[in-house]
Amino acid sequence: MASRRVLKDILLRRVTSSPASGVRHCFSSSSSPETAPKIPHFSKKGRLLTGTTIGLVIAGGAYVSTVDEATFCGWLFNATKLMNPFFALLDAELAHKLAVSAAARGWVPREKRPDPSVLGLEVWGRKFSNPIGLAAGFDKNAEAVDGLLGLGFGIVEVGSVTPVPQEGNPKPRIFRLHQEGAIINRCGFNSEGIVAVAKRLGAQHGKRKLDETSSASSTSNTKVIHGGKAGPGILGVNLGKNKTSEDAAADYV
């Protein structure tokens, strides 16, 4: 019993002495004016600027939501011009690859305004919604067909596609002519080959047909807009021969 009382007295002394001193120390250190947390104070001009910015963002979003699709589409096309100085700072072929990659991922504007009927024409039994096309040499491996057709071209031609994959000419092979606003292309038919391009086009064609079917079933109008989300443009494939081929005619066949 005596030993238990002695142990209890020791415990009570430790509990009543050391924590109290720790609490007093914490209280005294936290209450000093030097270490007290400072509450940030915003000036009247700062609050006014913040409120104005938030108000403009809300008002701009409300206005954009009421604008028709064609007008908003025009804004997007004009906004892309702001990127031109950035691409001009890059290597020509790197800028080209970034542009193709952006179109492949749908990071380009999509033309929602229908072509005026006066622009339509028929050539070799095929009807074009407008006479403006994208020639071969831009999307060499059919990576961005949907994105490019969605820009509003009457025709997009991919390629040139060679029977067997080849690297093309050594780099550098694309040169800018700044004063003329043009480029010199000496890529030399760099291509992933017909097998890779054919698989890619087959997958895209199936997706496009699915889009056409879904768009036809979702509207009461029985007229199907060919091209689905990609737009009504026609797709062309440009063929080329391999650099080391000994029979060019056989390559094209």
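Modeller: Let's start with a definition: helices and strands are runs assigned by DSSP, with at least four residues (H or I) for a helix and at least two (E) for a strand, and they are numbered from the N terminus. Please keep in mind that the model above is predicted.

Colleague: Thanks! How many helices and strands does the protein have?

Modeller: There are 8 helices and 7 strands. The protein has 253 residues, and 22% of them count as buried. Its accessible surface comes to about 18,400 Å², with 64% of that belonging to carbon and sulfur atoms.

Colleague: How should I read the strands? Which of them form the open sheet, and in what order?

Modeller: One general idea helps when you look at a sheet: in a regular strand, side chains alternate between its two faces. Here, 3 strands make an open sheet, ordered 3-4-7, and their pairing is parallel. Strand 3 (133-134) and strand 7 (234-239) are at the edges with a single partner strand each, so one side of each has no neighbour in the sheet.

Colleague: How many bridges hold strand 4 to strand 3, and how many to strand 7?

Modeller: Strand 3 and strand 4 pair over 2 bridges in the parallel sense, and in that pair Gly 133 is opposite Ile 155 of strand 4. Strand 4 (residues 155-161) also pairs with strand 7, again parallel, over 5 bridges. On that side, Val 161 has Leu 239 in strand 7 as its bridge partner.

Colleague: Is strand 4 mostly covered or mostly open?

Modeller: Strand 4 is mostly covered, since 5 of its 7 residues are buried, that is, under 20% relative accessible area. Strand 4 is also the place of Ser 160, and the peptide bond between Gly 159 and Ser 160 is cis, with omega about 10°.

Colleague: Where else can I find a cis peptide bond?

Modeller: Look at the step from Lys 171 to Pro 172, where the bond is cis and omega is near 0°. Pro 172 sits in the loop between strand 4 and strand 5.

Colleague: That brings me to strand 5. In which sense do strand 5 and strand 6 run?

Modeller: They run antiparallel: strand 5 (residues 174-177) is joined to strand 6 (residues 182-185) by 4 bridges. Arg 176 is opposite Ile 183 of strand 6. The hairpin made by these two strands has 4 residues between them, and Gly 181 in this hairpin has a positive phi near 65°.

Colleague: Which residues other than glycine have a positive phi?

Modeller: Two examples are Trp 124, with phi near 55°, and Ala 142, with phi of about 55°. Trp 124 is in the loop between strand 1 and strand 2, while Ala 142 is in the loop between strand 3 and helix 6 (145-150).

Colleague: Are Trp 124 and Ala 142 buried or exposed?

Modeller: Trp 124 is exposed, because its relative accessibility is 86% and the exposed class begins over 50%. Ala 142 is buried, because its relative accessible area is 0%. Arg 110 offers a case in between: at 29% relative accessibility it counts as partly exposed. You will find Arg 110 in the loop between helix 5 (92-104) and strand 1 (121-123).

Colleague: How do I see which parts of the chain come together in space?

Modeller: Compare separation in sequence with distance in space. Arg 110 and Leu 76 are 34 residues apart in sequence, and their C-alpha atoms are 8.6 Å apart. For the protein as a whole, take contacts between residues at least 6 apart in sequence: 59% of them join residues at least 24 apart.

Colleague: And which residues does Ser 129 touch?

Modeller: Ser 129 lies in the loop between strand 2 (126-128) and strand 3. Beyond neighbours within four places in sequence, its contacts include Pro 116, Leu 119, Gly 154 and Pro 232. Asp 115 is another, and the side chains of Ser 129 and Asp 115 are joined by a polar contact of 2.9 Å.

Colleague: Last topic: pockets. What lines the second largest pocket?

Modeller: The general idea is that rolling a probe the size of a water molecule over the atoms shows where empty space is left. The second largest pocket holds about 1,100 Å³ of space. It is lined by 34 residues, and Asn 84, Phe 87, Ala 95, Ala 99 and Phe 138 are the closest to its centre. Helix 4 (84-88), helix 5, strand 5 and strand 6 each supply at least two lining residues, with helix 5 giving the most, 7 residues.

Note on methods. Residues numbered from 1 in each chain as written. Predicted model: local features only at pLDDT ≥ 70, side-chain atom pairs only at ≥ 80, totals over all residues. Heavy atoms only, no water. Pairing = 2+ DSSP bridges. Buried < 20%, exposed > 50% of the residue type's maximum accessible area, 1.4 Å probe, protein only. Contact = heavy atoms within 4.5 Å. Areas by Shrake-Rupley, 256 points an atom, 1.4 Å probe, with all protein chains shown as cover. Polar contact = N/O pair within 3.5 Å; in protein donor to acceptor, adjacent residues only side chain to side chain. 1 Å grid on protein atoms, 1.4 Å probe; cavity = no way out; pocket = protein on both sides within 12 Å on 5 of 7 lines; lining within 4 Å. Points joined across faces, edges and corners; volume = space filled by probe spheres on them.
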